[in-house]
Amino acid sequence: MTIVPPGPSLKDFVLRSQVLNLYRTMIRRTRNLPVAQRDAVRSHMREEINSSHHLTDPDKIAAAISRGKTDLKHLDILLSMSHNTGSK
């Protein structure tokens with residue numbers, strides 16, 4: 001008889017979904033940046049996600065997602081400032 005280890009929980013799937021949605025949102029927000037800036041921002045995003053890839057504790061994963069959302073807010077502020085100064 002083979003014992004099958006339990007698979008990921010529903011919370012694991014929800015957290016994974018949140019990480020992927022956050023990453024996709026950041027990718028979309030950087031579309032209109034000049035290529036060099038876009039590549040730098042996306043590279044930084046990938047590094048942040050990869051540095052948290054080893055996390056297994058749901059609370060630590062949630063904290064990393066929260067930091068990512070804060071980073072996204074900062075990115076939005078920077079993008080809005082660059083659009084305002086670029087249109088003058």
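**Surface patches, a salt bridge and distances in a predicted model**

Arg-24 takes its place in helix 1, which covers residues 10-29. The structure described here is a predicted model, and this arginine makes a convenient starting point for a reader new to it. With a relative accessible area of 40%, Arg-24 is partly exposed. Arg-24 also has company: together with Arg-16, Arg-28 and Arg-31, it gathers in a patch of positive charge on the surface. The cut-off for joining a patch is a relative accessible area of over 30%, and Arg-24, at 40%, is therefore on the accessible side of that limit.

Helix 1 is also the home of Leu-10, which leads to a second kind of patch. Leu-10, Phe-13 and Val-14 form a nonpolar patch on the surface, and their accessible area together comes to about 330 Å². Leu-10 itself counts as exposed, because its relative accessibility is 67% and the term applies to values over 50%. Asp-12 is likewise found in helix 1; this aspartate is partly exposed, with a relative accessible area of 33%.

Moving on from the helix, Thr-30 sits in the loop between helix 1 and helix 2, the latter spanning 35-51. Is Thr-30 buried or exposed? At 0% relative accessibility, Thr-30 counts as buried, since the limit for that class is under 20%. The side chain of Thr-30 has a polar atom that lies 2.9 Å from the backbone oxygen of Ile-27.

Charge pairing comes next. Side chains of opposite charge can pair when their charged atoms come close. How many salt bridges does a search of the whole structure find? The search finds one. In it, the side chains of Arg-29 and Asp-76 meet, at 2.8 Å from N to O. Arg-29 lies in helix 1 and Asp-76 in helix 3 (residues 58-86), so this pair ties together parts that are 47 residues apart in sequence. Both partners can be placed on the accessibility scale as well: Arg-29 counts as partly exposed at 35% relative accessibility, and Asp-76 counts as partly exposed at 29%.

A few distances between C-alpha atoms help to give a sense of the layout. Gln-37 lies in helix 2 and is partly exposed, with a relative accessible area of 45%. Gln-37 appears in two of the pairs considered here. From Ala-62, Gln-37 is 25 residues away in sequence and 28 Å away in space, C-alpha to C-alpha. Between Asp-12 and Gln-37 there are again 25 residues of sequence separation, with 33 Å in space from C-alpha to C-alpha.

Another pair links the account back to Ile-27, the residue whose backbone oxygen was described alongside Thr-30. Asn-84 is found in helix 3, the helix that also holds Asp-76 of the salt bridge. With a relative accessible area of 47%, Asn-84 is partly exposed. The C-alpha atoms of Asn-84 and Ile-27 are separated by 21 Å, while the two residues are 57 apart along the chain.

Methods. Residues are numbered from 1 along each chain as its sequence is written. This is a predicted model: local features need pLDDT of at least 70, side-chain atom pairs count only at pLDDT 80 or more; totals for chains, interfaces and linings use all residues. Side-chain values use heavy atoms; hydrogens and water are left out. Patches are made of residues with over 30% relative accessible area and no salt bridge: like charges are joined within 9 Å, nonpolar side chains (Val, Leu, Ile, Met, Phe, Trp, Tyr) within 5 Å. Accessible areas come from the Shrake-Rupley method with a 1.4 Å probe; for residues, only the protein chains shown count as cover. A salt bridge is a side-chain nitrogen of Lys or Arg within 4 Å of a carboxyl oxygen of Asp or Glu. Lys and Arg count as positive and Asp and Glu as negative; His and the chain ends are not counted. The place of a charge is taken as NZ of Lys, CZ of Arg, CG of Asp or CD of Glu. Helices (H or I, at least four residues) and strands (E, at least two) are DSSP runs, numbered from the N terminus. Buried means under 20% relative accessible area, exposed over 50%, partly exposed in between (1.4 Å probe, protein chains only). A polar contact is a pair of N or O atoms within 3.5 Å; within protein, one must be able to donate a hydrogen and the other to accept it, and residues adjacent in sequence count only if both atoms are side-chain atoms.
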